[in-house]
2 protein chains.
Amino acid sequence: MKTKSRNFIPAEAAPWEPAGAGVSRQVLGYDGQLMLVKVQFSQGAIGPLHEHIHSQASYVASGTFEVQINGEKQTLNAGDGFYVAPGVQHGVLCLEAGVLIDTFSPIRLDFVR
Amino acid sequence: MKTKSRNFIPAEAAPWEPAGAGVSRQVLGYDGQLMLVKVQFSQGAIGPLHEHIHSQASYVASGTFEVQINGEKQTLNAGDGFYVAPGVQHGVLCLEAGVLIDTFSPIRLDFVR
């Protein structure tokens with residue numbers, strides 16, 4: 001495992017990995033304390049409710065998502081953001097196919113091999 | 001100053017701030033260890049060379065940027081990413097109007113009032 005990414009990460013240089021039914025992800029820049037991940041969802045795909053020790057800040061790059069955080073649901077569209085504190089349960093339902101930019105601190109070690 | 005953002009940050013709820021000629025930014029999700037910022041550039045706008053103690057991972061949401069990191073330049077397009085280690089000099093020149101998603105760890109205190 002590398003402890004950090006390259007400085008420049010053209011999209012074609014980053015492998016896509018399956019991340020559940022209708023979901024795939026591409027790890028872009030990272031080091032031990034920060035990680036940026038592009039996650040593509042097909043319509044109806046689910047990011048199941050879960051929680052982790054990482055802070056998470058996400059950006060809706062395209063599509064429409066029903067985002068649930070700590071039991072509260074909101075529908076977010078391209079240009080919107082959300083934040084999940086460490087240990088807070090969250091998940092998404094993709095209402096219209098699209099892309100989330102998920103960022104974490106510290107690194108999601110489980111996303112890097 | 002708040003120590004963290006709200007969980008849901010619809011685009012219309014986040015103020016735009018000037019960030020240099022042809023550049024404006026919108027702070028989306030953050031806490032003390034993570035911050036996600038949307039930065040809009042008009043064509044020809046510059047993010048001058050600078051450095052900071054934060055790790056930075058960025059995503060090109062739209063447009064085309066000449067990105068310089070540690071003296072090396074590459075042209076990045078929508079879908080590409082870049083990573084800047086703490087203390088490494090970097091900057092961008094916007095070749096085609098667009099948006100960067102800049103993320104930092106820890107928080108950019110200078111971006112929150």
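**Exercise 1. Find how strand 8 of chain A and strand 1 of chain B pair, and which residues stand opposite each other.**

Solution. This is a predicted model.
Step 1: Strand 8 of chain A pairs with strand 1 of chain B in the antiparallel sense, over two bridges.
Step 2: Take Phe82(A). Opposite Phe82(A), in strand 1 of chain B, stands Phe8(B).
Step 3: Now swap the chains. Strand 1 (residues 8–9) of chain A pairs with strand 8 of chain B, antiparallel and over two bridges. Here Phe8(A) has Phe82(B) as its bridge partner.

**Exercise 2. Sort the residues of strand 8 of chain A by the way they point, and find the strand of chain A that joins it by four bridges.**

Solution.
Step 1: Gly81(A) and Tyr83(A) point one way, while Phe82(A) and Val84(A) point the other way.
Step 2: Check burial. All of these residues are buried.
Step 3: Look within chain A. Strand 6 (residues 55–69) of chain A runs antiparallel to strand 8 of chain A, with four bridges joining them.
Step 4: Place one pair. Tyr83(A) in strand 8 stands opposite Ala57(A).

**Exercise 3. Describe the side of chain B that touches chain A.**

Solution.
Step 1: Count both sides. Chain B puts 37 residues into the contact and chain A puts in 36 residues.
Step 2: List the elements of chain B that give two or more residues. Among them are strand 1 (8–9), strand 6 (55–69) and strand 8 (81–84).
Step 3: Pick the top contributor. Strand 6 of chain B gives the most, with seven residues.
Step 4: Sort by class. This side of chain B has 20 nonpolar, twelve polar and five charged residues.

**Exercise 4. Work out how the two copies are related, and why they can be said to meet through the same surface.**

Solution.
Step 1: Lay chain B on chain A. A turn of 180 degrees and a shift of 0.0 Å along the axis do this, with an RMSD of 0.0 Å.
Step 2: Read the symmetry. The two copies are thus related as by a two-fold rotation axis.
Step 3: Compare the interface residues. Of those in chain B, 97% are also interface residues in chain A, so the copies meet through the same surface.

**Exercise 5. Find the residues with the most contacts inside the largest nonpolar core, and trace the contacts of Met35(B).**

Solution.
Step 1: The largest nonpolar core has 60 residues. Met35(A) and Met35(B) have the most contacts inside this core.
Step 2: Set aside the neighbours of Met35(B) within four places in sequence. In chain B, its contacts then include Val27(B), Tyr30(B), Phe104(B) and Phe111(B).
Step 3: Look across to chain A. Met35(B) is also in contact with Ala57(A). Ala57(A) is the residue that stands opposite Tyr83(A).

Methods: Residues are numbered from 1 along each chain as its sequence is written. Chains are lettered from A and ligands numbered from 1 in the order in which they are written. This is a predicted model: local features need pLDDT of at least 70, side-chain atom pairs count only at pLDDT 80 or more; totals for chains, interfaces and linings use all residues. Two residues are in contact if their C-beta atoms, placed from the backbone, lie within 7 Å. Ala, Val, Leu, Ile, Met, Phe, Trp, Tyr, Cys and Pro count as nonpolar, Asp, Glu, Lys and Arg as charged, and the others, Gly among them, as polar. Two strands pair if DSSP finds at least two bridges between them. Copies are superposed by least squares on the C-alpha atoms of residues with pLDDT of at least 70 in both. A nonpolar core is a set of buried Ala, Val, Leu, Ile, Met, Phe, Trp, Tyr and Cys residues joined through C-beta atoms within 7 Å. A residue is buried if 20 or more other C-beta atoms lie within 10 Å of its own, exposed if 12 or fewer, and partly exposed in between; C-beta atoms are placed from the backbone.
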